[in-house]
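Colleague: I've just opened this one and I'm new to it. Could you walk me through how to read it?

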Amino acid sequence: MIEYFLAVWKCHKDIATMFLKAGIEYKGRNQFNETILFVSACGNNSTLTEILIEGGCDLNECTRSWTALHVAAARNHDEVLRVLVKHGCDLNIRDRDGKI
């Protein structure tokens, strides 16, 4: 699992895709309680974000206090935002503090 998160964080989409196709569990969390989709959004990796969503990641899962949408918006990751919206993320979802 650590290798998978590292592949996503370092934007190695081919390696991360290989893990996905091999059936590696991607619904866990890393040591910071972050989901793999959140890590992909943090890293501004729109291609991998789309692969993860198509692979079944929950668009609206809250990590620590934010979702992938929150972190992409906060970091101005426009392409990641487009991918999330395209796949139907909840635009009104609140973070753990109740803020949109």
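**Reading the core and a helix pair**

Modeller: Sure, let's begin with the core. The largest nonpolar core has 19 residues, and L37, L52, I53 and L84 are the ones that touch the most other members. Keep in mind that this is a predicted model.

Colleague: Which helices each supply at least two residues of this core?

Modeller: Those are helix 3 (36–42), helix 4 (46–54), helix 5 (68–74) and helix 6 (78–86). Helix 3 gives the most, with five residues.

Colleague: Let's zoom in on I53. What does I53 touch, leaving out residues up to four places away in sequence?

Modeller: With those left out, I53 touches L37, L59, V83, L84 and H87.

Colleague: Now the helices themselves. How do I read a pair of them?

Modeller: In general, two packed helices are described by the angle between their axes and the distance between the axes. Here, take helix 4 and helix 6: their axes come within 8 Å and cross at roughly 20°. Angles under 35 degrees count as roughly parallel, so helix 4 and helix 6 are roughly parallel to each other. As for handedness, helix 4 passes helix 6 in a right-handed crossing.

Colleague: Which residues meet where helix 4 and helix 6 touch?

Modeller: From helix 4 you have S46, T49, E50 and I53, and they meet E79, V80, V83, L84 and K86 in helix 6. Sorted by character, the residues of this contact come out as four nonpolar, two polar and three charged.

Colleague: Take S46 from that list. Is S46 buried or exposed?

Modeller: The cut-off for buried is under 20% relative accessible area. S46 has 17%, so S46 is buried. S46 is found in helix 4, and apart from residues up to four places away in sequence, it touches E79, V80 and V83.

Colleague: And which residues of helix 4 are buried?

Modeller: They are S46, L48, T49, E50, L52 and I53. Just after helix 4, have a look at G56, which takes a positive phi of about 115°.

Colleague: What about the loop that follows, between helix 4 and helix 5?

Modeller: L59 lies in that loop. Apply the same reasoning about area: L59 has a relative accessible area of 11%, so L59 is buried. Not counting residues up to four places away in sequence, L59 touches L37, I53, L84, H87, G88 and C89.

Colleague: How far apart are the C-alpha atoms of L59 and F38?

Modeller: They are separated by 9.2 Å, while the two residues sit 21 residues apart along the chain.

Methods. Residues numbered from 1 in each chain as written. Predicted model: local features only at pLDDT ≥ 70, side-chain atom pairs only at ≥ 80, totals over all residues. Heavy atoms only, no water. Core = buried A, V, L, I, M, F, W, Y, C linked by side-chain atoms within 4.5 Å. Buried < 20%, exposed > 50% of the residue type's maximum accessible area, 1.4 Å probe, protein only. Helix = DSSP H or I, 4+ residues; strand = E, 2+ residues; numbered from the N terminus. Contact = heavy atoms within 4.5 Å. Axes fitted to C-alpha atoms, helices over the stretch in contact; angles between N-to-C directions. Parallel < 35°, antiparallel > 145°, perpendicular 65-115°, else oblique. Left-handed = near helix turned anticlockwise from the far one by under 90°. Nonpolar A, V, L, I, M, F, W, Y, C, P; charged D, E, K, R; others polar.
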